[in-house]
Amino acid sequence: MTFKKEKRQKEVFLLVYTILFSVSAGAMLWYFSAAGKQMVWKGDGLSQHYLALCYYARWGKAVLGSLLSGRPAFPTFNMHMGFGSDLFTTLQYYVIGDPFSLPAVFVPQRYMLEFHDAMIVLRMYLAGLSFDGYCRTMGRRDLTGNLCGALVYVFSTFALFGMRHPYFLNAMIWFPLLLTGAERILRGSKGRLFTIAVFLSCISNFYFFYMLVLMTVVYVVWRACRIFLQYTKGVKVLLLLAGKFLARGVLGSAMGACFLLPILIRFVGDPRAAGETVYGKLYSLSYYAKLPEAF
């Protein structure tokens, strides 16, 4: 396929996808508006996510103000969080490191609810583009197929549930990027995209980071075995690829270590980590009774 034709296909997809997404998202937002609701969950959304976003915005404005005034100040501890907490490790799970929370520093407090909702929609929109990028990397360039796949992906149950936990939606963007970067390495690329995807996953949310790593490792092992074990020198190629993936993964993690290491240190020192939790080998009977319906 020529470069111009591929570029044209991308432009057509972007246009049609944007229209269909806007219609779908508009219908979704209309439902909230008609019910007189915002996209803030009464549970964790109100008590944690939204409050963390508001605090982060005020904190960022104070820091910027101190820089502009020539008296830089970076508060790192707050006695009003619990019985006193480190701001970075407390807010890193929510807003610190999240690229979509950064613009909140420039948003007036009275518009924070609208900003919160807009970032949820933006995350969903970008997840669809990330999905299409992976499809194209795998040679799937059919307009109808990619559009259907992208819309199903961004309006899936997980995505809609992600409105209650907006930061869960970030993983829907980073995972296709990780797979796209992995495929490029398997095809001889230097791996810059993979490193960037690892970095973004690392700084966004440590909880999803380790799950994304596990899923990516499983994917890469499966794909590499399918591609290279059929050749005589497949084992040697696999070892070289493993080294390349390891190097790129370590580089991306090192770039985000300033976000990841404080969290890991905090976890090691958390008194709750010393407690024992007993897990049964099987779920309760009610779980298995509901499994067919859930499936």
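**A walk around the cavities and a helix**

Start by selecting Tyr 167, Asn 170, Ala 171, Trp 174, Ser 201, Ser 204, Asn 205, Phe 208, Phe 209 and Leu 212: together they line the second largest cavity. Helix H7 (170–186), H8 and H9 each give two or more residues to that lining. Inside is a volume of about 40 Å³, and the lining counts six nonpolar, four polar and no charged residues. Keep in mind that you're looking at a predicted model.

Now keep Tyr 167 selected, since Tyr 167 also lines the largest cavity. Add Leu 53, Asp 98, Phe 100, Ser 101, Phe 115, His 116, Met 119, Arg 123 and Pro 166 to complete that lining. This one holds about 60 Å³, and helix H4 (residues 112–137) gives the largest share of its lining, four residues. Here you get six nonpolar, two polar and two charged residues.

Next, colour H8, residues 192–204. Its 13 residues should span 18 Å at 1.5 Å a residue, so the 18 Å between its end C-alpha atoms agrees. Its buried residues include Phe 194, Ser 201 and Ser 204.

Stay on Phe 194 and hop over to the second largest pocket, which has about 420 Å³ of space. Of its 21 lining residues, Phe 194, Thr 216, Val 217, Phe 245 and Leu 246 are the closest to its centre. H9 brings nine residues, the largest share of the lining.

Finally, click Phe 245, one of the residues with the most contacts inside the largest nonpolar core, which has 70 residues. Tyr 17 is another; among the residues Tyr 17 touches are Met 124, Leu 147 and Val 154.

Key: Residues are numbered from 1 along each chain as its sequence is written. This is a predicted model: local features need pLDDT of at least 70, side-chain atom pairs count only at pLDDT 80 or more; totals for chains, interfaces and linings use all residues. Side-chain values use heavy atoms; hydrogens and water are left out. The expected span of a helix is 1.5 Å times one less than its number of residues. Buried means under 20% relative accessible area, exposed over 50%, partly exposed in between (1.4 Å probe, protein chains only). On a 1 Å grid over the protein atoms alone, a cavity is a set of points where a 1.4 Å probe fits but cannot get out, and a pocket is an open set with protein on both sides within 12 Å along at least five of seven lines; lining residues have an atom within 4 Å of a point. Grid points are joined across faces, edges and corners, and a volume is the space filled by probe spheres set on the points. A nonpolar core is a set of buried Ala, Val, Leu, Ile, Met, Phe, Trp, Tyr and Cys residues joined through side-chain atoms within 4.5 Å. Contact means heavy atoms within 4.5 Å. Ala, Val, Leu, Ile, Met, Phe, Trp, Tyr, Cys and Pro count as nonpolar, Asp, Glu, Lys and Arg as charged, and the others, Gly among them, as polar. Lists of a residue's contacts leave out its neighbours within four places in sequence.
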